[in-house]
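Biologist: I have not looked at this structure before, and I would like to learn how to read it step by step. Could you take me through it, beginning with the overall picture and ending with single residues?

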Amino acid sequence: MNTKLGYIEDRSNGVTKEKLHPISRWIRSRKSTYAFSFIDKEIPLSIIEEIVTNGLWAPTHKMTQPWRFEILMGAHHKDLGQYMLDFYKKHLSKKQFPESRYQDTLEYPKNATMLAIVFQRSKNVDIPEWEEIAAISCAVQNMWLTSTARGIGCYWDTAEATIQYCNESLELAPNEKSLGILYMGYPKEELKERSRKRKLLSKKLNHNYKKICNLFF
Ligand SMILES: Cc1cc2nc3c(=O)[nH]c(=O)nc-3n(C[C@H](O)[C@H](O)[C@H](O)COP(=O)(O)O)c2cc1C
């Protein structure tokens with residue numbers, strides 16, 4: 001297990017990390033790693049393909065597979081940085097977005113491998129949109145977990161600026177829309193674990209036993 005990516009102890013029932021099943025360890029060590037923490041190291045294409053292939057193995061209702069992905073390379077790094085800068089200058093006050101943040105914003109994507117997530121609404125199958133977005137979310141989780149297992153930091157960016165950038169710069173068909181970018185990159189060695197918590201299992205799981213004895217009388 002890559003310790004750089006951190007690990008969350010299961011505090012809800014006291015199971016130690018050694019006793020957890022490997023899948024539970026990977027799921028609980030998955031986390032958001034932001035692009036300013038990435039080093040200048042390329043992710044091999046074979047690994048990106050493995051990550052995306054695992055995304056394709058996500059479940060979909062009626063097998064619609066309502067997605068496609070685009071690796072944004074070359075000028076996209078500079079162009080997205082510039083787009084975010086212009087967007088935040090326009091939409092935020094000087095206090096919310098001071099000049100001291102301009103350079104970092106411009107350079108934010110520079111070390112990231114950016115995977116645009118494109119939602120393709122099915123034309124021939126009549127299922128609710130939310131089911132298809134749920135399916136895409138399963139695909140993203142598969143990719144996020146695979147990245148974690150490969151020592152790659154990652155997070156799903158759905159900021160308005162990011163979505164608008166993709167909508168404007170990708171060639172989207174009428175049934176397609178952007179659902180943001182999966183940012184991926186190798187994290188810095190010295191990356192500190194930030195505090196990550198989850199609500200207790202007891203607050204989120206009910207045991208709802210319905211009495212059946214009345215059925216017979
Ligand atoms: C659908 C979705 C959209 C998200 N969009 C953003 C985003 O736009 N910006 C961001 O910083 N994090 C975003 N995140 C990451 C969440 O903030 C993060 O998963 C959450 O804080 C829990 O932290 P963890 O991933 O480290 O467990 C998104 C996560 C999901 C599932």
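Modeller: What follows is a walk from the whole chain to its sheet, its helices, the ligand and a few residues, and please keep in mind throughout that this is a predicted model.

Biologist: How many helices and strands are there in the protein chain, and in what pattern do they follow along the sequence?

Modeller: The protein chain has seven helices and four strands, and reading along the sequence gives the pattern α-α-β-α-α-β-α-β-α-β-α. Along its principal axes, the C-alpha trace spans about 70 × 50 × 40 Å. Of the 217 residues in the protein chain, 24% are buried. Among the contacts in the chain with a separation of 6 or more, 81% are between residues 24 or more positions apart.

Biologist: Which order do the four strands take in the sheet, and which of them are the edge strands?

Modeller: The four strands form an open sheet in the order β1-β2-β4-β3, and the pairing is antiparallel. The edge strands are β1, residues 67–72, and β3, residues 153–157, each of which pairs on one side only. On average, neighbouring strands of this sheet are turned by 25° against each other, direction ignored.

Biologist: How many bridges join β1 to β2, β2 to β4, and β3 to β4?

Modeller: Going across the sheet, β1 and β2 are paired over six bridges in the antiparallel sense, and within this pair Arg68 has Val118 of β2 as its bridge partner. Next, β2 and β4 are paired over seven bridges, again in the antiparallel sense, with Tyr183 of β4 as the bridge partner of Met114. Finally, five bridges join β3 to β4, residues 176–185, and these two strands run antiparallel; here Gly153 stands opposite Gly185 in β4.

Biologist: Why is β2 described as largely enclosed by the rest of the structure?

Modeller: Strand β2 has eight residues and six of them are buried, so the rest of the structure largely encloses it. A helix also lies across this part of the sheet: α6, residues 160–169, lies across β2, β3 and β4, and runs at about 115° to β4.

Biologist: When two helices meet, what should I look for, and at what angle do the axes of α1 and α5 cross?

Modeller: The general idea is that two packed helices are described by the angle between their axes and the distance between the axes. In this structure, the axes of α1, residues 22–29, and α5, residues 129–149, come within 9 Å and cross at roughly 100°, which means that α1 is roughly perpendicular to α5. On the α1 side the contact is made by Trp26, Ile27 and Ser29, and on the α5 side by Leu145, Thr148 and Ala149. Sorted by class, this contact of α1 with α5 has four nonpolar, two polar and no charged residues.

Biologist: Which residues surround the ligand, and how do they divide by class?

Modeller: Around the ligand are Lys31, Ser32, Tyr155, Trp156, Asp157, Thr158, Ala159 and Arg196. This shell divides into three nonpolar, two polar and three charged residues.

Biologist: How should I read the backbone angle phi, and where in the chain are Lys62 and Gln65?

Modeller: As a general guide, most residues other than glycine have a negative phi. Lys62 has a phi near 60°, a positive value in a residue other than glycine, and for Gln65 the value is also positive, near 45°. Lys62 is in the loop between α2, residues 45–56, and β1, and Gln65 is likewise in the loop between α2 and β1. Lys62 counts as partly exposed because it has 14 C-beta neighbours inside 10 Å, and Gln65, with 16 such neighbours inside 10 Å, counts as partly exposed too.

Biologist: Is Gly185 buried or exposed, and with which residues is it in contact?

Modeller: Gly185, which is in strand β4, is buried, because 26 other C-beta atoms lie within 10 Å, where 20 or more are needed for a residue to count as buried. Leaving aside neighbours within four places in sequence, Gly185 is in contact with Ala35, Phe38, Asn111, Ala112, Thr113, Ile152 and Gly153. Gly185 and Phe36 are 149 residues apart in sequence, and their C-alpha atoms are 9.7 Å apart in space.

Definitions and conventions:
Residues numbered from 1 in each chain as written. Predicted model: local features only at pLDDT ≥ 70, side-chain atom pairs only at ≥ 80, totals over all residues. Axes fitted to C-alpha atoms, helices over the stretch in contact; angles between N-to-C directions. Parallel < 35°, antiparallel > 145°, perpendicular 65-115°, else oblique. Contact = placed C-beta atoms within 7 Å. Nonpolar A, V, L, I, M, F, W, Y, C, P; charged D, E, K, R; others polar. Pairing = 2+ DSSP bridges. Buried ≥ 20, exposed ≤ 12 C-beta atoms within 10 Å, placed from the backbone. Near = placed C-beta within 6 Å.
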